[in-house]
Amino acid sequence: MAKPRNKRYSYILKHLLNLKVKPGSTIIDCACGDGYGSSILNSAGMYVIGYDISEKLVCDAICRDVEADIANICSLPCEDAEADVFVCSETLEHLSKKNLKKAISEIKRATKKNGIICITVPSDPKLCMRNKNHKQY
């Protein structure tokens with residue numbers, strides 16, 4: 001298994017393994033970007049489906065052998081209760097309040113009843129709001 005170079009994905013993987021997420025579990029990685037984190041989860045034996053709004057980043061994720069597709073977190077092309085684990089890292093702060101509600105509904109819809117939802121957001125409000133692409137803290 002590849003050792004993560006990124007602290008955030010190292011943290012996510014460590015905690016998923018501590019929660020006894022088993023190899024073969026279905027993980028949706030929404031806003032997967034270039035697939036770096038998804039590829040780490042894949043290397044731990046998870047079945048990862050990545051979604052991102054950027055066509056270029058989805059192509060990059062596919063080049064990392066990640067099953068990925070273009071999608072908006074407010075309307076995901078997945079089945080109800082498809083994911084054992086739903087990962088959404090450093091994404092929700094980019095959404096308006098209206099879209100945040102839609103995204104949370106989609107996360108809940110896509111995750112199995114007893115599934116795990118893993119969300120990370122920036123922890124420093126001053127730094128977070130300096131980013132012009134962040135809509136909220």
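This dialogue works through several features of a predicted model and how to read them.

User: What kind of model is this, and how are residues numbered?

Analyst: The model is predicted, so local features need pLDDT of at least 70 and side-chain atom pairs count only at pLDDT 80 or more, while totals for chains, interfaces and linings use all residues. Residues are numbered from 1 along each chain as its sequence is written, and side-chain values use heavy atoms, with hydrogens and water left out.

User: How many residues does helix 4 have, and what span should they give?

Analyst: Helices (H or I, at least four residues) and strands (E, at least two) are DSSP runs, numbered from the N terminus. The expected span of a helix is 1.5 Å times one less than its number of residues. Helix 4 covers residues 97-110, which makes 14 residues and an expected 20 Å. Its end C-alpha atoms are 20 Å apart, in agreement with that value.

User: Which residues of helix 4 are buried?

Analyst: Buried means under 20% relative accessible area, exposed means over 50%, and partly exposed is in between (1.4 Å probe, protein chains only). In helix 4 the buried residues are L100, A103, E106, I107 and A110. Viewed down the axis of helix 4, these buried residues fall within an arc of 125°, so they line one face of the helix. The arc is taken from the directions from the helix axis to the C-beta atoms. K97, K98, K101 and K108 are exposed on the other side of helix 4.

User: What do the buried residues of helix 4 pack against?

Analyst: Contact means heavy atoms within 4.5 Å. The buried residues of helix 4 pack against strand 1 (26-30), strand 4 (83-89) and strand 5 (111-120).

User: Which residues form salt bridges, and how many salt bridges are there?

Analyst: A salt bridge is a side-chain nitrogen of Lys or Arg within 4 Å of a carboxyl oxygen of Asp or Glu. By this rule there are five salt bridges. One of them joins D60 and K56, with the closest N and O atoms 2.8 Å apart. Both residues lie in helix 3 (residues 55-63), four residues apart, which is about one turn of the helix. D60 is partly exposed at 26% relative accessible area, and K56 is exposed at 55%.

User: Where do D80 and R109 lie, and what does their pair tie together?

Analyst: D80 forms a salt bridge with R109, and the closest N and O atoms are 2.7 Å apart. D80 lies in the loop between strand 3 and strand 4 and R109 in helix 4, so the pair ties together parts that are 29 residues apart in sequence. From C-alpha to C-alpha, R109 and D80 are 5.4 Å apart in space. D80 is exposed at 54% relative accessibility, whereas R109 is partly exposed at 23%. Not counting residues up to four places away in sequence, R109 touches L76, C78, E79, D80 and A81.

User: Which residue of helix 4 also forms a salt bridge with R109?

Analyst: E106 forms a salt bridge with R109, the closest N and O atoms being 2.8 Å apart. Both lie in helix 4, three residues apart, about one turn of the helix. E106 counts as buried, at 11% relative accessibility. Salt bridges that share partners join D80, E106 and R109 into one network.

User: What is the sign of phi in A81 and in E90?

Analyst: Most residues other than glycine have a negative phi. In A81, phi is near 55°, a positive value in a residue other than glycine. A81 is found in the loop between strand 3 (67-70) and strand 4, and is partly exposed at 36% relative accessible area. Phi of E90 is also positive, near 55°. E90 sits in the loop between strand 4 and helix 4 and is partly exposed at 25%.

User: Which residues make the nonpolar surface patch?

Analyst: Patches are made of residues with over 30% relative accessible area and no salt bridge: like charges are joined within 9 Å, nonpolar side chains (Val, Leu, Ile, Met, Phe, Trp, Tyr) within 5 Å. Accessible areas come from the Shrake-Rupley method with a 1.4 Å probe; for residues, only the protein chains shown count as cover. I117, I119 and V121 make a nonpolar patch of about 230 Å². V121 lies in the loop between strand 5 and helix 5 (125-130) and is partly exposed at 44% relative accessibility.
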